[in-house]
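Open the structure in your viewer and keep the sequence panel beside it, since this tour moves from one selection to the next. At each stop, select what is named, look at it from more than one side, and then read on.

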Protein chains: 4
Amino acid sequence: MIFTSDNWAGAHPAIAASLTAHSAGFTPAYGAGDLDQKVAQTFNRIFGREVAVFFVGTGTAANSLALSAVSRPGGVSFCHRDAHVIADECGAPEFFSQGSRLVPVDGKEGKIDPTNLEAEIARFPQGFVHAGQPVAITLTQATEAGTVYQPDEIRAISKIAKAHGLPLHMDGARFANALVALDLTPAQMTLDLGVDILSFGGTKNGCWCAEALVFLDSSMAGQAAFLQKRAAQLYSKSRFIAAQFDAYFESDLWLDLARHANGMAARLQRGIDASTNARLAWLSAANETFPIIPKTLAKDLTAKGALFYEWSAPRSHPNLVGEDETLLRLVTSFATTEEHIDRFVDLLG
Amino acid sequence: MIFTSDNWAGAHPAIAASLTAHSAGFTPAYGAGDLDQKVAQTFNRIFGREVAVFFVGTGTAANSLALSAVSRPGGVSFCHRDAHVIADECGAPEFFSQGSRLVPVDGKEGKIDPTNLEAEIARFPQGFVHAGQPVAITLTQATEAGTVYQPDEIRAISKIAKAHGLPLHMDGARFANALVALDLTPAQMTLDLGVDILSFGGTKNGCWCAEALVFLDSSMAGQAAFLQKRAAQLYSKSRFIAAQFDAYFESDLWLDLARHANGMAARLQRGIDASTNARLAWLSAANETFPIIPKTLAKDLTAKGALFYEWSAPRSHPNLVGEDETLLRLVTSFATTEEHIDRFVDLLG
Amino acid sequence: MIFTSDNWAGAHPAIAASLTAHSAGFTPAYGAGDLDQKVAQTFNRIFGREVAVFFVGTGTAANSLALSAVSRPGGVSFCHRDAHVIADECGAPEFFSQGSRLVPVDGKEGKIDPTNLEAEIARFPQGFVHAGQPVAITLTQATEAGTVYQPDEIRAISKIAKAHGLPLHMDGARFANALVALDLTPAQMTLDLGVDILSFGGTKNGCWCAEALVFLDSSMAGQAAFLQKRAAQLYSKSRFIAAQFDAYFESDLWLDLARHANGMAARLQRGIDASTNARLAWLSAANETFPIIPKTLAKDLTAKGALFYEWSAPRSHPNLVGEDETLLRLVTSFATTEEHIDRFVDLLG
Amino acid sequence: MIFTSDNWAGAHPAIAASLTAHSAGFTPAYGAGDLDQKVAQTFNRIFGREVAVFFVGTGTAANSLALSAVSRPGGVSFCHRDAHVIADECGAPEFFSQGSRLVPVDGKEGKIDPTNLEAEIARFPQGFVHAGQPVAITLTQATEAGTVYQPDEIRAISKIAKAHGLPLHMDGARFANALVALDLTPAQMTLDLGVDILSFGGTKNGCWCAEALVFLDSSMAGQAAFLQKRAAQLYSKSRFIAAQFDAYFESDLWLDLARHANGMAARLQRGIDASTNARLAWLSAANETFPIIPKTLAKDLTAKGALFYEWSAPRSHPNLVGEDETLLRLVTSFATTEEHIDRFVDLLG
């Protein structure tokens with residue numbers, strides 16, 4: 001019953017098998033090999049256009065490189081208050097972009113509120129050097145709250161981005177989970193809605209270590225190869241990332257794994273809904289579930305072998321959690337089984 | 001006959017097998033799992049003391065984090081003119097350390113010349129803010145010229161380092177190759193000679209992607225965990241690096257692989273020595289060989305399927321290469337076979 | 001009737017005279033001259049102990065160097081939401097400190113609320129690399145709201161700083177104004193209350209360009225000389241800053257100028273209080289006054305030659321300003337005359 | 001007899017008088033005042049076209065901002081080995097430009113040798129991420145050796161710059177000294193020869209603190225206002241720099257002062273030439289003179305009250321200085337008198 005994070009799982013057998021299959025033989029280093037090229041073509045196919053793809057090792061790297069690629073002096077990027085870039089990356093985006101700033105925007109259920117976004121951008125009048133200058137907007141899909149932006153919600157944000165001439169970045173650490181939740185194609189969830197740059201995550205969904213920085217608008221990728229190398233994110237045996245992605249995309253494995261993880265979360269939510277001891281803080285659509293339960297029950301669950309993190313109630317949802325209660329974050333993955341879920345739900349009572 | 005680089009090889013079967021073996025099951029992320037801890041213990045055992053180990057994804061990351069860990073404002077680090085840090089990392093060490101400078105030091109056969117080193121350090125008088133301040137010395141073992149510093153040579157450099165209060169870093173991208181060439185223990189080649197920080201490379205010697213930043217003097221590691229995370233080098237499924245190292249150290253696989261690579265280089269050097277068409281630029285001890293051959297022969301070799309890079313003659317060896325000649329760099333690895341070598345030597349004539 | 005900012009004034013005649021007096025003759029550059037040393041001694045005398053003083057050209061430089069002097073990787077500093085460092089320095093503190101972050105803390109009337117401060121610090125648990133690590137607290141005295149922290153209020157913040165092992169920085173761009181408002185000595189308003197580093201401003205109070213970065217705890221100044229030079233803030237003819245400070249401190253000119261500026265603000269506040277068309281947003285103690293007036297009146301004042309900025313209502317004071325109203329910031333200085341004030345008050349009606 | 005540096009002098013009386021004259025009254029801050037605008041127009045007039053001018057406080061700031069304005073990730077700039085940017089700025093250019101690198105180019109008498117420059121640039125093949133990418137060339141006029149590039153010499157370098165698509169920066173800390181030495185107009189010595197960006201120095205030539213970053217090609221200034229502010233180089237009472245420049249340009253004061261300083265150097269050189277105890281290391285054209293004298297004489301001169309720095313023999317001039325000899329740098333300025341020179345020459349014997 002491990003619900004701490006989807007990165008506590010290992011790698012899917014097909015991913016491991018691909019690494020073994022590609023481990024022999026010589027191939028050009030630093031991404032110039034055939035397999036790297038094949039996977040780059042797969043990205044083009046998936047998005048229905050020529051995109052610029054860079055394999056990197058961590059989601060933090062993808063996000064930080066994306067934001068630094070479009071940053072300028074005194075740069076300010078806007079993100080949700082609970083976004084991974086601002087809450088969990090130890091200042092990497094700021095470090096990569098020479099001290100540009102992340103400005104948190106409030107919004108319910110992990111989503112940037114467009115009105116709040118406009119209000120924050122307005123604090124930085126054009127050409128006013130004292131305040132700094134807006135350089136990007138970044139949203140997370142699926143969000144850190146397990147929810148998923150609807151197409152219209154992304155469109156609303158991208159409209160603001162375009163109005164201010166700002167590139168729109170999507171942190172897709174859980175891109176596949178959002179995709180299957182919405183039943184859209186990759187292009188439909190990004191390009192068609194005005195997303196310019198994507199951090200495409202494979203690690204949380206069954207890979208060992210496979211992230212891709214994707215410039216959907218390849219005109220923004222001009223300096224990316226140098227940014228990547230300078231950031232120590234150009235892998236000599238880059239083939240090892242390509243091999244993971246190759247298996248990941250094969251026969252839509254990635255979508256199947258995401259469907260499974262989301263399905264496990266849905267099953268968990270149904271169980272919580274049915275329990276008299278727990279309630280959902282909000283309904284999520286991807287692979288993270290946020291129940292509120294009595295503190296005593298949390299202790300009990302832990303004692304009985306369940307692993308999870310207690311979560312801070314978001315500022316956008318004050319008074320959500322009672323004094324004797326606690327908010328949990330439960331993350332499912334490709335490796336979560338129905339048995340895990342049912343045992344946990346059973347313990348909830 | 002692929003001699004371009006040891007990073008054109010894939011992964012040794014035992015490394016691939018270990019990844020498969022460890023792919024199932026849940027384990028704490030970000031290096032907190034059992035396997036990570038086990039490998040950390042292995043590092044302690046190998047060096048005979050408690051060291052501080054951080055797994056990272058590239059040698060560039062290890063080097064850049066090492067130098068930034070000991071940098072200060074206006075910092076200046078000293079390296080060989082042809083060192084990887086200054087020649088092949090796109091300014092990553094400078095980027096990581098907020099613009100500290102790398103000062104090239106000349107020396108024959110890829111090794112820092114102690115007299116030149118002293119002369120360069122002397123250009124930065126203590127407390128003289130205009131020039132900047134020395135903060136580190138870094139040497140590469142085995143060197144980029146395929147040679148290996150003898151213990152006394154390292155000691156001479158470390159003596160200078162200590163005299164100036166400078167930490168001594170070793171770029172060990174080919175650490176194992178140097179170790180077996182000298183037949184020393186890891187501690188004998190580092191700690192006992194005054195090395196403080198080590199970039200311990202596994203990738204070039206049979207891993208996919210396994211590098212470790214090792215603070216032999218763990219008092220220098222105070223900020224390293226934050227440096228690592230901020231640089232996007234903390235891997236969530238860190239287990240995938242640990243699994244590689246676990247197999248790497250098992251039954252001294254790493255030393256066997258390095259012995260093989262060095263042996264192939266020795267076989268190559270014997271063949272070059274015996275050829276009337278080629279001569280060695282210098283004798284190397286690890287897995288890189290540098291012959292000088294007629295330009296026409298180089299074309300011929302390429303036409304017949306040999307892959308290698310032509311190399312710039314180092315500034316420390318002017319007039320080494322005749323007008324009709326070219327200098328080659330030939331790199332062997334765990335995956336090089338006797339047949340590759342013999343075929344190539346045969347073609348040399 | 002110019003109330004836009006205290007930096008719209010020029011230099012006090014005594015400052016100009018000192019520059020003239022010291023313009024002849026040769027003197028060692030870069031701060032090594034006698035006059036620089038004399039002024040450094042004056043700082044020691046004023047604070048009653050050996051402090052480490054560095055002359056810089058802008059308040060932004062002093063603040064940014066102060067924060068970078070104590071920063072560490074993933075560093076987070078805490079400031080008031082409306083503090084100059086976060087609102088008006090174009091990201092300089094982040095740039096100087098390699099991307100460390102400023103976290104805004106709410107509080108009424110420009111002052112950090114200690115409870116909010118504790119809550120923000122608590123978001124960064126010790127050793128948790130994902131979030132980053134607290135490295136400093138910075139407060140502004142006098143505040144950007146024209147108010148002045150009482151000694152007990154500073155003590156409350158410094159107590160939190162000490163509890164978390166954080167250095168406490170004071171942005172004293174209007175240090176003199178606060179000092180005379182509280183009738184304290186420099187040491188009483190800083191050292192005795194636990195302030196470690198001070199940005200000591202002279203520019204807004206009658207100098208042309210004279211700011212000092214003062215390490216009251218000189219153990220924090222270890223790298224400051226290199227930080228200053230690397231930031232292009234070491235002035236060759238440093239004497240020109242020293243000459244300004246020399247006149248500034250002579251016969252307590254600085255305190256007289258601040259008393260005058262504060263007195264003008266007090267006169268203005270009395271006038272506003274007496275007006276039926278205006279009210280004070282809050283009572284200030286230094287040289288900035290914040291009245292709320294009808295929008296139509298603001299236009300009228302402008303038409304009649306008054307210059308001022310309309311100000312955003314602070315988030316900590318929502319609903320302060322009615323729909324037909326506007327909030328003004330009126331800044332007085334050594335150059336403001338009673339006549340300016342009285343004419344303005346007269347126009348208020 | 002003070003020949004240590006031109007920055008040991010104070011300010012010319014006309015500069016001091018201008019500061020006094022402009023010290024009263026209110027004016028918009030941050031460069032928006034009338035005087036700032038007037039001086040900006042003067043720059044336009046001097047260069048015969050609309051240029052983009054930014055006032056900064058130090059030459060290091062001007063140089064570092066110039067290079068960072070045109071830098072890119074992995075950026076490499078080329079300068080003379082003894083250039084101020086690489087020898088005397090504590091890494092500020094690297095710090096400002098996020099770790100871009102300065103590559104030293106050898107050349108006699110302080111001037112970049114075009115052949116060496118080409119050779120250094122060739123080490124960075126286009127698009128080869130490992131090495132980094134060339135982003136700028138910077139030369140110093142007058143040079144740090146007191147010499148002056150002839151127009152053809154600048155043209156040769158600018159031709160290389162254009163061929164590689166690199167902006168050409170001129171460090172004009174002693175711009176006026178070079179100008180009068182060559183008897184050219186500012187445009188003739190820059191624009192007409194292909195210089196794109198200029199650090200225009202006033203400080204060493206009679207100002208207190210007046211430097212201007214001038215984008216002759218204003219298309220390169222796009223981010224400069226934000227760069228300047230983020231670097232803490234936007235002065236609130238910017239008028240104090242403008243007032244200095246206003247007097248500096250008035251009736252060609254700047255050219256007169258430079259002519260005087262150069263004339264004093266010429267007088268000094270004549271004296272050295274005539275002395276049997278001293279010889280010139282090379283002939284200089286601006287306000288720095290480099291004699292070689294016996295070490296015993298140097299001691300004697302010091303004992304008799306002469307102040308100067310002993311200088312390292314440049315690498316480009318090995319064997320220049322005998323074992324019992326020493327190389328001096330003697331700098332003259334607007335404040336140097338004939339009496340100083342004659343007394344010194346007299347002491348030489």
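How much area do chain D and chain C bury between them? Before answering, note that what you see is a predicted model. Select the two chains: chain D and chain C bury about 4300 Å² between them, and 66% of that area lies on carbon and sulfur atoms.

**The interface of chain D and chain C**

Colour the residues that meet here, and you will find 51 residues of chain D in contact with 51 residues of chain C. Next, on the chain D side, select D:Phe26, D:Trp208 and D:Lys237, which lose the most area to chain C and together make up 21% of what that side buries. To see which elements of chain D take part, select helix H1 (13-21), helix H3 (59-69), helix H5 (92-96), helix H10 (224-230) and helix H11 (239-249) of chain D, each of which gives two or more residues to the side that touches chain C. If you then look for polar contacts across this interface, there are 23 residue pairs, with both residues at pLDDT 80 or more, whereas the number of salt bridges found across it is 0.

**The sheet of chain C**

Now hide chain D and show the strands of chain C, where 7 strands form an open sheet with mixed pairing, in the order S1-S7-S6-S5-S4-S2-S3. Strand S1 (52-56) and strand S3 (101-105) of chain C stand at the edges with a single partner strand each, so one side of each is left without a neighbour in the sheet. Turn the view to follow the twist, which averages 20 degrees from one strand to the next.

Zoom in on strand S2 (residues 75-80) of chain C, which runs parallel to S3(C) and is joined to it by 5 bridges; within this pair, C:Phe78 stands opposite C:Val103 in S3(C). Then add helix H3 (residues 59-69) of chain C, which packs on the sheet and touches several strands, among them strand S4 (133-140) and strand S7 (211-215) of chain C, while its direction makes about 20 degrees with that of S7(C).

**A salt bridge in chain C**

Which residue forms a salt bridge with C:Arg267? Select C:Glu338, whose closest O atom is 3.5 Å from the closest N atom of C:Arg267. The pair links distant parts of the chain, 71 residues apart, with C:Arg267 in helix H12 (residues 253-274) and C:Glu338 in helix H14 (residues 338-348) of chain C.

Methods. Residues are numbered from 1 along each chain as its sequence is written. Chains are lettered from A and ligands numbered from 1 in the order in which they are written. This is a predicted model: local features need pLDDT of at least 70, side-chain atom pairs count only at pLDDT 80 or more; totals for chains, interfaces and linings use all residues. Side-chain values use heavy atoms; hydrogens and water are left out. Two strands pair if DSSP finds at least two bridges between them. Helices (H or I, at least four residues) and strands (E, at least two) are DSSP runs, numbered from the N terminus. Axes are lines fitted to C-alpha atoms, for helices over the stretch in contact, and angles run from 0 to 180 degrees between N-to-C directions. Contact means heavy atoms within 4.5 Å. Buried area is the accessible area (1.4 Å probe) that two parts lose on being put together, summed over both. A salt bridge is a side-chain nitrogen of Lys or Arg within 4 Å of a carboxyl oxygen of Asp or Glu. A polar contact is a pair of N or O atoms within 3.5 Å; within protein, one must be able to donate a hydrogen and the other to accept it, and residues adjacent in sequence count only if both atoms are side-chain atoms.
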